[in-house]
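Colleague: I am new to this structure and should like to learn how to read its features. May we go through them in turn?

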Amino acid sequence: MELSPMAVAAVAVGFVVVLWWASTGLVLYLDGLPRRTFRWSLGGATVLGAAALAGLAETRDETTIAGAGIAFVCALAVWGWNELAFLTGVITGPNRRACPPGVAGWRHFVAATGSILWHELAIAASALAVFAVTAGGDNRVGLWAFLILWVMRLSTKLNVFLGVPNLSEEFLPDHLKYIASFFRRRPMNLLFPVSVTATTVLFVALIAEAVAAADPFAATAATLLAALTGLALLEHWFLVLPIPAMELWRWGLKSRSAHAEPPEGETRRAPGVERAPARIGVRPAT
């Protein structure tokens, strides 16, 4: 039985939402496991990422509904490798220390950039790889999906750096808590309205493209990208609205408490003895 265009669109949106929720939770869960498992998790993600690049190359001329969906999933797999490499602390940046007290302005920006520089370069290299394997093809869903993820994540990082009410620092594992020292908690910053406006314009444009599409592939491709952009817009609003976003992925964060390990140089405490909380905190608004 052939689905109607509306049914295909509904399935595509649901598919993106479930994939976004499940993949984010899976990365958080793997990152919460003991550090000795990181090599296996990242090794598996590397194999998956390589297979995803091969999948993007294989489907670059596949202008069908299935081709659009496969390319989209492959792009998310490549993105997931970068996220896992960062959260496990394997690829972060040359600066692995908290922001020194009194550092502000340009020095603050340079120090913050140094904490994630290798991660950003790895994403750029991944984007080039996705571009290379899809070049010359008619199916560019994977490339556009990866670019949307990259731009939206950069926007989120800049907004957290400039200052927002909800910093979501609870998503950072213990070995990356120093990065929270570069965050600012503020009611608003000048970039945020620009970010949500631009994302909203893109979201509406993609919806319009999906509605006006002349064939099922184009409609599905635009719908997948519109759903992804809509979720990115939602994540931006999570930064300022009193919404407990962490509840969406509490299941993924459970591995952290179940496999909590003492910092390097400390021995494991006896049951009932708690370690003093870390002193690294969020940078106050100035």
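Colleague: How much of the protein is buried?

Modeller: This is a predicted model, and every value that follows is computed from it. A residue counts as buried when its relative accessible area is under 20%. Of the 286 residues in the protein, 43% are buried. The protein exposes about 15,100 Å², and carbon and sulfur atoms supply 70% of that area.

Colleague: Which secondary structure elements does the protein have, and in what order do they run?

Modeller: There are eight helices and two strands. Read from the N terminus, the order is α-α-α-α-α-β-α-α-α-β. As for contacts between residues at least 6 apart in sequence, 78% join residues at least 24 apart.

Colleague: How should I read the length of a helix, for instance that of α3?

Modeller: One compares the distance between the end C-alpha atoms with the span expected at 1.5 Å a residue. Helix α3, residues 65–87, has 23 residues and should span 33 Å; its end C-alpha atoms are 33 Å apart, so the two values agree. Helix α5, residues 141–162, has 22 residues and reaches 32 Å, close to the 32 Å expected.

Colleague: Is α3 enclosed by the rest of the structure or open?

Modeller: Helix α3 is largely enclosed, because 18 of its 23 residues are buried.

Colleague: What is the angle between α1 and α8, and how is it to be read?

Modeller: Angles under 35 degrees count as roughly parallel. Helix α1 (residues 5–31) and helix α8 (residues 250–258) pack at about 0°, with their axes 7 Å apart. The two helices are therefore roughly parallel to each other.

Colleague: Which residues meet where α1 and α8 pack?

Modeller: From α1 the residues include Trp21, Leu28 and Tyr29, and from α8 they include Trp251, Leu253 and Arg256. By class, this contact has seven nonpolar, three polar and two charged residues.

Colleague: What should I look for in the phi angles?

Modeller: Most residues other than glycine have a negative phi. Positive values therefore merit a note of the residue type in each case. Gly89, which follows α3, has a positive phi near 85°, and Gly163, just after α5, takes a positive phi of about 125°.

Colleague: Which residue other than glycine has a positive phi, and where is that residue found?

Modeller: Ser168 has a phi near 55°, and this residue is found in the loop between α5 and β1. Ser168 counts as partly exposed because its relative accessibility is 25%.

Terms used
Residues are numbered from 1 along each chain as its sequence is written. This is a predicted model: local features need pLDDT of at least 70, side-chain atom pairs count only at pLDDT 80 or more; totals for chains, interfaces and linings use all residues. Side-chain values use heavy atoms; hydrogens and water are left out. Helices (H or I, at least four residues) and strands (E, at least two) are DSSP runs, numbered from the N terminus. The expected span of a helix is 1.5 Å times one less than its number of residues. Axes are lines fitted to C-alpha atoms, for helices over the stretch in contact, and angles run from 0 to 180 degrees between N-to-C directions. Angles under 35 degrees count as roughly parallel, over 145 as roughly antiparallel, 65 to 115 as roughly perpendicular and the rest as oblique. Contact means heavy atoms within 4.5 Å. Ala, Val, Leu, Ile, Met, Phe, Trp, Tyr, Cys and Pro count as nonpolar, Asp, Glu, Lys and Arg as charged, and the others, Gly among them, as polar. Buried means under 20% relative accessible area, exposed over 50%, partly exposed in between (1.4 Å probe, protein chains only). Accessible areas come from the Shrake-Rupley method with a 1.4 Å probe; for residues, only the protein chains shown count as cover.
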